[in-house]
Amino acid sequence: MTSSAPALVDVLAAEGGGEGDGFQAPGLGEFYPEVLVSFSVLGVDFEITRITLILWIATLAMLAFLVATVRKPSIVPGKLQFVGETGYSLVRDGIARDVVGPKGLPFAPFLVSLFFFILANNMMSIIPFAQISPMSKFAFPLVLAAICWVMYIWIGIREQGAGRYFKDILFLPGVPKPMYILVTPIEILQNFIVRPFTLAVRLFANMFAGHMLLVVFSLGAVYLFSRDNFSFVFGPISALMAIVMTFFELLVIFLQAYVFTVLMGTYLNGSIEAEH
Amino acid sequence: MRTLAAESANPLLPPVGEIIIGLIAFGLVLLVIFKFVAPRFEQVFVARREAIEGGIERAEQMQAEAKAALERYQAQLAEARNEAAQIRDQARAEGQQILEELRAQAQEESARIVARGQEQIAAARQQVVNELRGQIGALAVDLAGRVVGESLADDARRSGTVDRFLDELDGMAAGVSPDGRSGTTLAGGTR
């Protein structure tokens with residue numbers, strides 16, 4: 001049923017397999033579940049797994065929710081509209097206006113899309129029966145980071161002009177000339193490689209590690225409970241840890257969605273305003 | 001149960017198919033939010049701001065109207081006060097004028113009454129003087145005749161003497177009192 005089903009089978013098999021087998025910790029296989037449908041379009045292989053389905057369910061549910069909140073927009077918001085509006089305003093006012101700057105409001109829809117897309121997909125990591133976030137597959141954070149990367153460079157060129165934008169990155173104003181030997185490579189690395197890479201990896205690694213933690217503690221609890229010997233005493237501790245980590249995961253879900261969006265906001269701010 | 005790929009795969013090297021699926025999913029999100037969600041929310045924000053600003057504007061307008069009405073009333077009040085003062089002044093002036101007129105009329109009347117009285121007095125005195133003139137003459141002559149004991153037969157001479165005496169009296173009176181002729185004659189008459 002869940003993505004951890006194979007691992008669970010392994011755990012239960014271990015129980016029957018005798019003392020020597022022991023607990024088999026879940027591994028990378030967690031993130032490569034059974035391929036449900038496989039097809040090829042123009043030489044590109046598509047493997048539809050349950051994680052792909054979770055991605056679509058999360059995305060469509062989130063979009064349905066947002067559209068429902070604005071279906072009958074009114075000046076005095078109802079409960080549903082209030083919830084949607086709070087989320088929208090958090091990004092629009094808190095990031096697009098306050099982080100990106102006075103010219104930031106046109107980017108509000110993009111930042112809102114980013115925030116809600118990540119939030120909805122992250123949320124799947126603690127939703128029962130899904131319990132894995134598509135964001136723990138590197139492809140999805142990578143797509144988002146790549147889009148952000150293209151976007152903040154494009155906006156920088158559009159707002160400041162290509163010459164000025166690249167010149168400011170290559171030769172940081174206000175730095176003594178000999179220091180360019182040191183600063184220029186760092187700036188190039190920072191702007192064109194480190195930024196998108198960290199953006200993608202931060203989100204991916206958080207969701208990946210979060211899922212691993214939850215699976216280890218959950219399966220550990222199952223394994224410990226199933227043992228005949230003294231180890232079942234530790235079962236409740238493992239189960240409790242799984243619950244605690246679920247709440248921790250909830251915090252991470254919101255935090256990572258927000259951090260990704262805020263960082264994109266600061267990059268856009270750097271592209272719009274020639275701060276150097 | 002596990003796929004063989006799972007064991008050998010590098011989680012940092014995603015398959016192209018997954019990337020494309022991610023692009024499509026995020027593209028859909030962008031489309032829906034740009035097309036349906038963001039414009040509606042912005043619309044709501046604008047409407048809300050307008051509603052609040054409209055409310056403030058309406059309140060300001062009403063305040064201005066109230067102020068204008070107050071000013072109008074105050075102006076009207078001042079005008080009414082002014083008018084009242086004017087009416088009072090006018091009434092006072094009219095009263096003064098009426099009083100003056102009445103006083104003038106009364107003076108005229110009194111002057112006329114006095115004048116008529118004086119005329120009557122003068123006429124009465126003249127009459128008395130004329131009467132006395134005849135009687136005094138007769139009496140004086142009579143008296144003188146008796147005192148002297150002789151009758152002054154000669155009327156012409158007698159009347160000339162009397163007249164001369166009376167004229168002398170008049171002349172004396174005129175010399176003593178400088179006022180009106182009638183007074184002198186009266187004084188002369190009684191003496």
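Which residues in H5(A) meet which residues in H7(A)? In this predicted model, the H5(A) side consists of A:Pro141, A:Leu142, A:Ala145, A:Ala146, A:Cys148 and A:Trp149. Their partners in H7(A) are A:Arg195, A:Pro196, A:Leu199, A:Ala200, A:Leu203 and A:Phe204. By class, this contact has eleven nonpolar residues, one charged residue and no polar residues. The charged residue is A:Arg195, on the H7(A) side.

Helix H5 of chain A spans residues 139–160, and helix H7 of chain A spans residues 180–226. Their axes come within 8 Å. They cross at roughly 150°. Because angles over 145 degrees count as roughly antiparallel, H5(A) is roughly antiparallel to H7(A). The crossing of the two helices is right-handed.

These helices belong to a chain with eight helices and two strands. From the N terminus on, the order of elements in chain A is α-β-β-α-α-α-α-α-α-α. Both strands thus follow helix H1 and precede helix H2. Chain A has 276 residues, of which 42% count as buried. Contacts within the chain were also sorted by sequence separation. Among those between residues at least 6 apart in sequence, 63% join residues at least 24 apart.

The two strands pair with each other. Strand E1 of chain A covers residues 35–41, and strand E2 of chain A covers residues 44–49. The pairing is antiparallel and runs over six bridges. A:Val35 stands opposite A:Thr49 in E2(A). Two residues lie between the strands of this hairpin. There, A:Leu42 takes a positive phi near 50°.

Chain A also touches chain B. The contact takes 39 residues from chain A and 37 residues from chain B. On the chain A side, six elements each supply at least two residues. They are helix H1 (5–16), E2, helix H2 (50–69), helix H3 (79–97), helix H4 (108–123) and H5. H2(A) gives the most, with seven residues. By class, the side of chain A that touches chain B divides into 30 nonpolar, four polar and five charged residues.

Two of the elements described above recur at this contact. H5(A), which meets H7(A), is among the elements that supply at least two residues to the side touching chain B. So is E2(A), the strand that pairs with E1(A) in the hairpin.

Notes:
Residues numbered from 1 in each chain as written. Chains lettered and ligands numbered in written order. Predicted model: local features only at pLDDT ≥ 70, side-chain atom pairs only at ≥ 80, totals over all residues. Axes fitted to C-alpha atoms, helices over the stretch in contact; angles between N-to-C directions. Helix = DSSP H or I, 4+ residues; strand = E, 2+ residues; numbered from the N terminus. Parallel < 35°, antiparallel > 145°, perpendicular 65-115°, else oblique. Left-handed = near helix turned anticlockwise from the far one by under 90°. Contact = placed C-beta atoms within 7 Å. Pairing = 2+ DSSP bridges. Buried ≥ 20, exposed ≤ 12 C-beta atoms within 10 Å, placed from the backbone.
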